[in-house]
Amino acid sequence: MNREQRGVVKAVSVIAAALWIVLGLRFGWPVWLWLALVAATCVAPWVIFWQYRRRQDQKLAGEQPVVEAAEPQERPQSAERSLSGLPMRSAHPDYKFLFSGTVFWYSMPDAPGLPHADPGGLAIDLILEQATHFVAEIPPDEGELAQYRLNAALGVKRSDPSGHVAAWAGDVRLELPGSDADRLHRLAEARKQEELWERARNHERDKRAYLADDVLKNPGSALVWWLAREDGNVDEAVRQIGNLRRLTAAAHDTRIPDPDLHPPQWITAMPGDQHTMRSFRLEEFEVQGTRLGASQHVLAAIEGLATGEERAALGRRVAEVLAAHGHDELAELVRSTFDDRPELPGPETP
């Protein structure tokens, strides 16, 4: 019963009940009589309508034919064939995967035309065609991950365009040859090392630029940098000014003349012995512009330690020691210099 039908039944019941009440009051019927009539009037339309609908439903049910459920058709028995080590090109043309797996198929019972002569070959070609397109987009170093996706894709049943076979595949494996796998491993390690080296080189380049363009830009910036690192040690900073100036000049490949902070030390003959006056430079063992080596160092030491007869006596003793240690030539030089040296001519008197 729909909504309109229920509305009609309600309206009829209300009108009939109101009519019984009016008649009962008009003719003085007993109260129980017109109340009973009102109740019967409200219930009777619903009972009549339900009986009518019930008969209609039974009539429609008797006219509908009984449809028997069709028995499901049995799927043909499937066959299978194993594949192993078939090369397939990867996303990198120089690397190929080795495809392995099992192909399942069965011939379609309602295939058009004559049956195929080799349904197994047709099924394998169908699977390999889809696998080839799939594998061609896989990088050679992602074969293990793509293997699961390939199993999911090839595990769905599909039929060839001619409708002769239905095929699917399982236990699919993708592998790289051992030499290619080792080569990829070495290439990956080389890329990692190259990245580390590139980062180290960039760090060194930034550090050089920081030192050359910022720290050692001029002696003033170098001095401020040194003070910042040494926590404001002003006294030591003053002593390092010369070194910082030289360091700055070297960093920019320039030459700045610096004062001689360490002049050479000279040993001169004692004033009492003017005729033997000569100078020796200790730092370079130089005598009168001639570079002669350690022998002149010995002569300078004797000349600086004694004068007159003491110098001669010291020279003889040093010569004896030198001779005892096998330095005969140096010993003879010491004797000739401090023992038997001729007197230097003095200035001529007018």
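The following questions and answers cover the nonpolar cores and one helix pair of a predicted model.

Residues are numbered from 1 along each chain as its sequence is written, and side-chain values use heavy atoms, without hydrogens and water. Local features need pLDDT of at least 70 and side-chain atom pairs pLDDT 80 or more, while totals for chains, interfaces and linings use all residues.

Student: Which helix gives the most residues to the largest nonpolar core?
Tutor: A nonpolar core is a set of buried Ala, Val, Leu, Ile, Met, Phe, Trp, Tyr and Cys residues joined through side-chain atoms within 4.5 Å, buried being under 20% relative accessible area with a 1.4 Å probe and protein chains only. The largest has 26 residues. Elements giving two or more residues include strand 1 (79-89) and helix 4 (143-154), helices being DSSP runs of H or I, at least four residues, and strands runs of E, at least two. The most, eight residues, come from helix 3.

Student: How many residues form the second, separate core?
Tutor: Among its members are Ile302, Leu330, Val334 and Phe338. The count for this core is eight.

Student: At what angle do helix 6 and helix 8 pack?
Tutor: Pro219, Ala222, Leu223 and Trp226 in helix 6 meet Ile241, Leu244, Arg245 and Thr248 in helix 8, contact meaning heavy atoms within 4.5 Å. Axes are lines fitted to C-alpha atoms over the stretch in contact, with angles from 0 to 180 degrees between N-to-C directions. The axes lie 9 Å apart, and the angle is about 125°.

Student: How are helix 6 and helix 8 classed by this angle?
Tutor: Angles under 35 degrees count as roughly parallel, over 145 as roughly antiparallel, 65 to 115 as roughly perpendicular and the rest as oblique. The pair is therefore oblique.

Technical notes: Buried means under 20% relative accessible area, exposed over 50%, partly exposed in between (1.4 Å probe, protein chains only).
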